[in-house]
Amino acid sequence: MEWIHLFGNQFCFSKNGIVLFNLESAEKEEVATSFEEFLTVMFNNSEDLDYYTGQSLIQEWQSLGNFLQDGERLCPKQPFIVGGEFEVENLHVKRFDKNFLYNSKIAHQISNLPDGTEIQIRVEP
């Protein structure tokens, strides 16, 4: 099985185990304390696998005749972190570097805000 980092989120090793680095929020989520536990988390629950990889979205997107080129990622038109829907209609293609820059600007603006705070995201070209 090929795992596609659909949105550009990254799995990383840390001193505590394996974490998921979320590009939109710049938050690190602890996934597992060991590689073996990581594999268990990923393969024992299809909902977890879908959450971490976006597998169902990429399959649906590809079934519509779309494919990612090397270095491309899918990016939500309305960011997930501000209520964007986890569905194909909310996605478009961006180069990884552009996606990373776009998301880092969002993460910087929402950093340390309490949940529910009203925001207006500004991303200059």
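This is a short tour of a predicted model, going from the whole chain to one helix pair and then to two single residues.

**Whole chain**

Start with the full chain in cartoon view. There are four helices and five strands to find. Colour from the N terminus to the C terminus and follow the order of elements, which reads β-β-β-α-α-α-β-β-α. The radius of gyration is 15 Å, close to the 14 Å that the globule rule gives for 125 residues, so the chain is as compact as a globular protein of that length. Along the principal axes, the C-alpha atoms fill a box of roughly 40 × 40 × 25 Å.

Switch to a surface view. The accessible surface of the chain is about 8,300 Å², and carbon and sulfur atoms account for 49% of that area. Of the 125 residues, 34% count as buried. If you display contacts between residues at least 6 apart in sequence, 44% of these join residues at least 24 apart.

**Helix 2 and helix 3**

Next, select residues 46-53, which form helix 2, and residues 55-63, which form helix 3. How do these two helices pack? Their axes lie 6 Å apart, at an angle of about 70°. Angles of 65 to 115 degrees count as roughly perpendicular, and helix 2 and helix 3 are therefore roughly perpendicular to each other.

Show side chains for the residues that make this contact. On helix 2, pick Leu 49, Asp 50 and Thr 53; on helix 3, pick Gln 55, Ser 56 and Leu 57. Sorted by class, the contact has two nonpolar residues, three polar ones and one charged one.

**Ala 26**

Move to the loop between strand 2 (17-22) and strand 3 (27-32), and select Ala 26 there. What is the phi of Ala 26? The value is positive, about 65°, although the residue is not a glycine. Is Ala 26 buried or exposed? With a relative accessibility of 40%, Ala 26 counts as partly exposed, because that class lies between the 20% limit for buried and the 50% limit for exposed.

**Asn 112**

Finish in the segment after helix 4 (96-110), where Asn 112 is found. Asn 112 is not a glycine either, and its phi is positive, at about 70°. Turn the surface back on at this position: Asn 112 has a relative accessible area of 77% and is exposed, since the cut-off for exposed is over 50%.

Conventions. Residues are numbered from 1 along each chain as its sequence is written. This is a predicted model: local features need pLDDT of at least 70, side-chain atom pairs count only at pLDDT 80 or more; totals for chains, interfaces and linings use all residues. Side-chain values use heavy atoms; hydrogens and water are left out. Axes are lines fitted to C-alpha atoms, for helices over the stretch in contact, and angles run from 0 to 180 degrees between N-to-C directions. Angles under 35 degrees count as roughly parallel, over 145 as roughly antiparallel, 65 to 115 as roughly perpendicular and the rest as oblique. Contact means heavy atoms within 4.5 Å. Ala, Val, Leu, Ile, Met, Phe, Trp, Tyr, Cys and Pro count as nonpolar, Asp, Glu, Lys and Arg as charged, and the others, Gly among them, as polar. The radius of gyration is taken over C-alpha atoms; the globule rule is 2.2 Å times the number of residues to the power 0.38. Buried means under 20% relative accessible area, exposed over 50%, partly exposed in between (1.4 Å probe, protein chains only). Accessible areas come from the Shrake-Rupley method with a 1.4 Å probe; for residues, only the protein chains shown count as cover.
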